[in-house]
Amino acid sequence: MNKFNRKKLLKVLIVVVILLICSVGGVALYTKLTTSITFVASPTVEINGELDPYSYIDELKNCEKEDITIDSSNVNIEELGTYPIIYTIKDKEYTLNIDVVDTTAPTLSLKDVNIDYGDEVTVDDFIDIVADETEVKKYFKEDYDFTIEGDQEIIVVAEDTSGNITEATANLNVFKDTEAPTITGLEDITVYVNETVDYMSGISAIDNHDINPTVSVDSDGVDTSKTGTYEVTYKVTDKADNTNTYTQTVTVKEKPKETKKADGSKVVYLTFDDGPSSNTKKVLEILDKYDAKATFFVTGNGQKYNSYIKDAYDAGHTIGLHTYTHDYSIYTSQETYFEDLTKVGNMVKDIIGFVPKYIRFPGGSSNTVSKKYKEGIMSELVDAVHDEGYEYYDWNVSSGDASGNNVAVSKIVKNSTSSSANTIVLLMHDTDAKDTTIKALPKIIEYYHQVLLFWLKYYII
């Protein structure tokens, strides 16, 4: 090769080398200036957890976190699923799909259960606390036999939507009740012809396991339209079908009528309201001295003297019901009246063994004070008390001792003896403050004994 050609070839080689150097440098410079982002594999976030989009970046090239714009608005952290996060670097977008997952098992706490033999039991009966971020399915781990008496271990499973499982153990006690319930408060009943009988008055059913045993009454054989003695059957049953049966006698008799002697002489009913009191003993002593009988319409206001109620009953006097409180607010409604009446009735029952059916309304059946509480209430009550088996008694002669304390003895005697009626229902009061009533009582009795010149029989209501 001549000298000229060698020089030419050398120039070409130099140009090629320079071009190669420029090309490699440009590529290197381009590579150095290009940005990129790579992500972790299989990114997830716990449901209702904390979303941190930066935590899913594995590597950044030629940029910093501050250069990245992130849009995670499409991610619903409260619902399982796959959602996109958009990362933008220098107008270039990268999309990362993230899974909202649930990897935490439910919280489960159980409680022990006691059931009666034959009762149904469900898994919810054992649940005390169950909680999870998703819906939880609860079920027994095994097919248990709930008819086995005694204790057995029960395993309950709580499984969430993602299949996470928690198990817990509780105790089941199956109790077989073989003891029959009982009835308390049963007493033979005496009523008058055509009176309504409350067969459940004062009755209570008691069981060792069932708090509400069922009581049924078979009174089909009782005919209150005819006098006679009948039997009523009570049946008490608990939820385990244990049963007891009781019988009670119901006596139906003619109601005593107001009477007067053939010669037109008077019949006097001595009645005392508002007791017992510190004066009751004195009243009983005076009545005993004159062989007279009276009716005491009692309240619950003097219970430290309640023993006198028993003394009066044992002495042959009649015990009637006034009210428990003697507060006129009892006339607010039928319900409030009968609540009060029932309370005093139960009080008396604890003393003499039964609930009296003779009553006296505070203020009488025609009082006007009751209108302050409810217009027309007395018209309702005079019928309602009959429907409940009670008989009420007003008075046609007042001693006047209700007008105040220490009313003059002479005035009380005059008021009590001035009526010309053949049948007298005399109203007096038995309270601590009625000392002059006590002093007047012998004079009243003697008047009807001696002034009218016949031996008056004192009738009880």
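# A tour of two sheets, a helix pair and a buried asparagine

Begin by selecting Tyr192 together with Lys253, since Lys253 in β18 is the bridge partner of Tyr192. The model open in your viewer is a predicted one, and the stops below follow its strands, then a pair of helices, then one side chain.

**First stop: the sheet around β18**

Extend the selection to residues 189-192 and 243-253, which are β14 and strand β18; these run parallel and are joined by four bridges. Now add the other strands, and an open sheet of four appears, with the order β14-β18-β17-β16 and mixed pairing. Where are the edges of this sheet? They are formed by β14 (189-192) and β16 (214-218), each of which pairs on one side only. If you look across the strands, the twist from one strand to the next averages 25°.

**Second stop: the sheet of β2, β6, β5 and β4**

Move to residues 44-46, 68-71, 81-89 and 92-101, and show them as strands. This is an open sheet of four strands in the order β2-β6-β5-β4, and the pairing is mixed. The edge positions belong to β2 (44-46) and β4 (68-71), and because each has a single partner strand, one side of each is left without a neighbour in the sheet. Neighbouring strands here are turned by 30° against each other on average, when direction is ignored.

In general, strands of a sheet pair through backbone hydrogen bonds, either parallel or antiparallel. To follow the pairing here from one edge to the other, start with β2, which pairs with strand β6 (residues 92-101) in the parallel sense over three bridges; select Thr44 and you will find Asp99 of β6 opposite. Continue to β5 and β6, which run antiparallel and are joined by nine bridges, with Ile89 standing opposite Lys92 of β6. Zoom in on the connection between these two strands: β5 and β6 form a hairpin with two residues between them, and Lys90 in the turn has a positive phi of about 50°. The last pairing is that of β4 with strand β5 (residues 81-89), in the antiparallel sense over four bridges, and a good pair to select is Asp71 with Ile86, its bridge partner in β5.

**Third stop: helices α3 and α4**

Select residues 307-314 and 334-352 next, and draw the helix axes if your viewer allows it. At what angle do helix α3 and helix α4 pack? The angle is about 65°, and the axes lie 9 Å apart; the crossing in which α3 passes α4 is right-handed. To see what makes the contact, show the side chains of Ile309, Lys310 and Tyr313 on α3, and of Met347, Ile351 and Ile352 on α4. The residues of this contact divide into five nonpolar, no polar and one charged.

**Last stop: Asn367**

Finish at Asn367, in the loop between β22 (358-359) and α5 (377-387). Is this residue buried or exposed? Asn367 counts as buried, because its relative accessibility is 9%, and the cut-off for buried is under 20%. Display the backbone nitrogens that follow in the chain: a polar atom of the Asn367 side chain lies 3.3 Å from the backbone nitrogen of Val369, and a polar atom of that side chain lies 2.9 Å from the backbone nitrogen of Ser370. Then select the surroundings of Asn367; leaving aside residues up to four places away in sequence, Asn367 touches Tyr328, Tyr331, Pro362 and Met378.

Terms used
Residues are numbered from 1 along each chain as its sequence is written. This is a predicted model: local features need pLDDT of at least 70, side-chain atom pairs count only at pLDDT 80 or more; totals for chains, interfaces and linings use all residues. Side-chain values use heavy atoms; hydrogens and water are left out. Buried means under 20% relative accessible area, exposed over 50%, partly exposed in between (1.4 Å probe, protein chains only). A polar contact is a pair of N or O atoms within 3.5 Å; within protein, one must be able to donate a hydrogen and the other to accept it, and residues adjacent in sequence count only if both atoms are side-chain atoms. Contact means heavy atoms within 4.5 Å. Axes are lines fitted to C-alpha atoms, for helices over the stretch in contact, and angles run from 0 to 180 degrees between N-to-C directions. A crossing is left-handed if the near helix is turned anticlockwise from the far one by less than a right angle, and right-handed if clockwise. Ala, Val, Leu, Ile, Met, Phe, Trp, Tyr, Cys and Pro count as nonpolar, Asp, Glu, Lys and Arg as charged, and the others, Gly among them, as polar. Two strands pair if DSSP finds at least two bridges between them.
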